[in-house]
Amino acid sequence: MDNQLNSSILSQLNTKDAKLLHDLTDKLTSCGVGKFVNLPQIVVVGEQSVGKSSVLEAISHVRFPVKANVCTRVATELVLRRAPVSRINVSVRFDDKSKPPKTFQQTNFSQDDLPIIIDEAKSSMMPEADRDFSKDILRLEIEDKDMYPLTLVDLPGIFHNETEGQSLVGRERVEQLVASYIEQKNSIILAVISGNVDLASHSILPMIRKYDPQGERTLGVITKPDLAPPGLSHEGTYLQLARNEEDSNRLKLGWHVLRNRAEDEAELEQRDAKEEVFFARTAWSSLPPSDRGIKALREKLSNLLYGHIRTKLPTIISDIETKLQQREAEHRRLGKARSEIADMRSFLIDIAEEFRRLARDGIDGRYNDPFFRKADSGQRKLRAELRNFNRALDCIMKIKGSSRRIIEEDDTDTSSEDDFPEYLQSFLERYPYDFPDPEDVTREKFNEEVQVEAASNQGRELPGMPNQGLIMHLFQEQAAPWESIARFHINRVTLVAKAFVDELFQHIIGPPENNATTEAILSTQVDEFFQKKEGLLEDKLAELLRPYQQGYALPLDSEFRRLETSRVVNHLLDKIQDMADAGDLENVTRQKLEDNLADLSGHGGSEFGTDKVIDMMENYYQLSRGTFTDNIITLGIESVLICDIPDILTPKSVNKMSEDELRMLAQESPVATARRDQLNHEIEALKSGLAQCRRYKQRQVTAVRATTQAAIAEADGASESSSAVRLAQQEAVPPLVPARTNSSMERIEVSQAAASVQLNGRVVSLPILQTPSGSGSGDEPPRWMTPTSSESDVPEHSGWSKSLFPGRKIAIPKSRRRPSRSPSVEDSLPPT
């Protein structure tokens, strides 16, 4: 058989209206866009031995090997396109991305050559003895001068049991392959099932519902109806299914019935003739002609493809634009080819300038760059993170910064004095500060412990006076958690800052696994910077702790006295309140007040003045805690670490680098060179594809409408009228011009220029028309105005605007004629 492919059969897949859109998909495929964007295609899926390849063969009249060979063990993409010379390109896209595609090409071929060509490709895809299914993809691109573009995909059949020729591993591989195709939103799914077995046994149907739950892009195909015993339940069930009346498997695209070619039917034309006879003489003749037979299926696919391509065109354009932006961004990160030292230095200077700019933006809280606007960019907003860390440190120091929490005897609340603010809850879930709560101790019990310690540490102080060393000793015990909290906080902030810098360099240059420059900068410049800063921060922490640990950090007199006075006043007010609550205010005497003041000022109470010792220690702790927290934030983290982050890599430091340093950081690897070449090819293909899509995309004409105060005022006055209500219910109202004619229905040319007014929240267009005085009288129009008036017919000094006429014709009934005046809103309504 030497005749070429029968393109007259394929022409049934392309109506005249659909030809342009099919040409578009062919051009997108030709320029390589299909490698990056999922283009509309027909995917044939089903279980083994249901006749998928036969359906594909019947649709295209391309002779597929339908026995158990390579076409059923790999995904086979059939791409048909128009070309001046008959040619077949057979390529194998390997699942192993490191292996380049393998291509076989033959010109002036016949259909008898196809099995031989496929067998040649088979040897490169899998060993002869391999019983599994290949993840590689066989692609057949068939070109002919009369060919119409079409993409069909035949996938391996789903199977359930392990046999000598196929394993359970192969079953999983087939299911993954089928899922990867049918999950693509741009694919039309041909779900092929055989009509000679139980409907419930077809496992492909629930699999399709998983990816197309509404059945919006699935067309069911029932094969082998001639093998179903007539009159039995199988036939009745499948007839109901073919009518799309089976509730569990109802599809919006419906079902179609085909009779497969028998093995003794050598010619495809013979298959089509026997199919027509079968459907005419059996119970299947009750189906509508549009739902049975290969000719009807070709027409149905033509309509489906046309509508699908037209619907998906905006999505395809969006996908191409996204892929193009991604590749252009990666190309910018790779920079220009750099084989010379000057190129390397220039490349690093560009990186350094961009890094300094974005690092300063992050530190200063300016988040306008796209780097900060990604969905998961919370950690990239460094200043926001630092401020939350500062708040967290302040709260932790207040709540968990002391060894003991001194409570009054009648205080039944044993919870923490302060709760974490609600806005910090989620932050502390991401960065937990796991420190123990202070030990609760009553003032009376703590006073007893302090008295024991005071007795064993007496000095030469006067009786009743506190031991100054005892106060400092108690303070140091109380502030013992500070060091561990501060060190943990510094380490955590350092880690977040380092993650910010790493993300910033990856954003500018690219991920380290794909870019040697990123890896070199991170491992040398960044790691060295943070290693040095960690040592300096440890030294700074020791410096800030030293005054408290060695006992020479004295508070300011005024602040300390203020706290002491406030404590005495508050305690005295508490005593008076207690007397008032007990109804004992009448018995308050000067002596009682003096006794209370003596106790509060430390002149009463214990022999060692321990009450005053405890109060002074608490005052000293409260003042020192705030100062220490501020110092950790300002003198430690900000001054030592954060302020120097933009200096990790600067143009000045790049200019001072030696040639060896430049080569280490910026020399381009062969992988980067190959990747740039690949990106250049992909960007060119995507740009070409985008240009093709934009040529076929329908564009609406941009119109700017004038707004006049007169039209707005007139519309406002009519907004409550019944005509305005009717107008709001119209989908679109053409602007009407009152024409004074004698006929019951005339047509004149009407301007498209109109005033826009708003009625009940809806924009309505009104013509800008002022009827000039003296242009006509009564019901008579000017002599020059006829149903065929054009711009050239308007007299120069008639007072009529010439712009009224170069527009569309609108029918105006005689009953809607108006006297000479401006049109009202009611004029714009259709006749009732």
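This report walks through the confidence of a predicted model and then through a few of its helices and strands.

**Confidence along the chain**

Let's start with how far the predictor trusts its own work. The average pLDDT of the protein chain is 75, and 66% of the residues score at least 70. Helix H15 (residues 482-508) has the highest mean pLDDT among the elements, at 95, while strand E12 (residues 745-750) has the lowest, at 37. Two stretches deserve a careful eye, since both are scored below 50 and yet have contacts in the model beyond near neighbours in sequence:

| Stretch | pLDDT | Contacts beyond near neighbours in sequence |
|---|---|---|
| Residues 718-780 | below 50 | 170 |
| Residues 798-832 | below 50 | 120 |

**Strand E8 and its partners**

Now to strand E8, which covers residues 218-223. Because 6 of its 6 residues are buried, E8 is largely enclosed by the rest of the structure. In a regular strand, side chains alternate between the two faces of the sheet. In E8, Thr-218, Gly-220 and Ile-222 point one way, whereas Leu-219, Val-221 and Thr-223 point the other way. Both sets are buried.

E8 pairs with strand E7 (residues 187-194) in the parallel sense, over 6 bridges. Within this pairing, Ile-189 has Thr-218 of E8 as its bridge partner. Together with helix H6 (residues 204-211), E7 and E8 form a β-α-β unit that is right-handed. E8 also runs parallel to strand E9 (residues 255-257), joined by 3 bridges. There, Ile-222 stands opposite Val-257 of E9.

**Arg-443 and helix H13**

Is Arg-443, a residue of helix H13 (residues 443-455), buried or exposed? Its relative accessibility is 17%, which is under the 20% cut-off, so Arg-443 counts as buried. What does the side chain of Arg-443 make a polar contact with? The partner is the side chain of Asp-615, at 3.1 Å. Leaving aside residues up to four places away in sequence, Arg-443 touches Asp-615 as well as Ile-406, Ile-407, Glu-408, Ile-614 and Glu-618.

**Helix H14 and its packing**

Helix H14 spans residues 468-478. Its buried residues are Leu-470, Ile-471, Met-472, Leu-474, Phe-475 and Gln-478. Which elements do they pack against? H13 is one of them, as is H15, and the others are strand E10 (404-407), helix H16 (516-549) and helix H19 (610-641). H13 thus appears twice in this tour: it holds Arg-443, and it packs against the buried residues of H14.

Technical notes: Residues numbered from 1 in each chain as written. Predicted model: local features only at pLDDT ≥ 70, side-chain atom pairs only at ≥ 80, totals over all residues. Heavy atoms only, no water. pLDDT = per-residue confidence, 0-100. Helix = DSSP H or I, 4+ residues; strand = E, 2+ residues; numbered from the N terminus. Contact = heavy atoms within 4.5 Å. Buried < 20%, exposed > 50% of the residue type's maximum accessible area, 1.4 Å probe, protein only. Polar contact = N/O pair within 3.5 Å; in protein donor to acceptor, adjacent residues only side chain to side chain. Pairing = 2+ DSSP bridges. Right-handed = clockwise from strand over helix to strand, strands pointing away.
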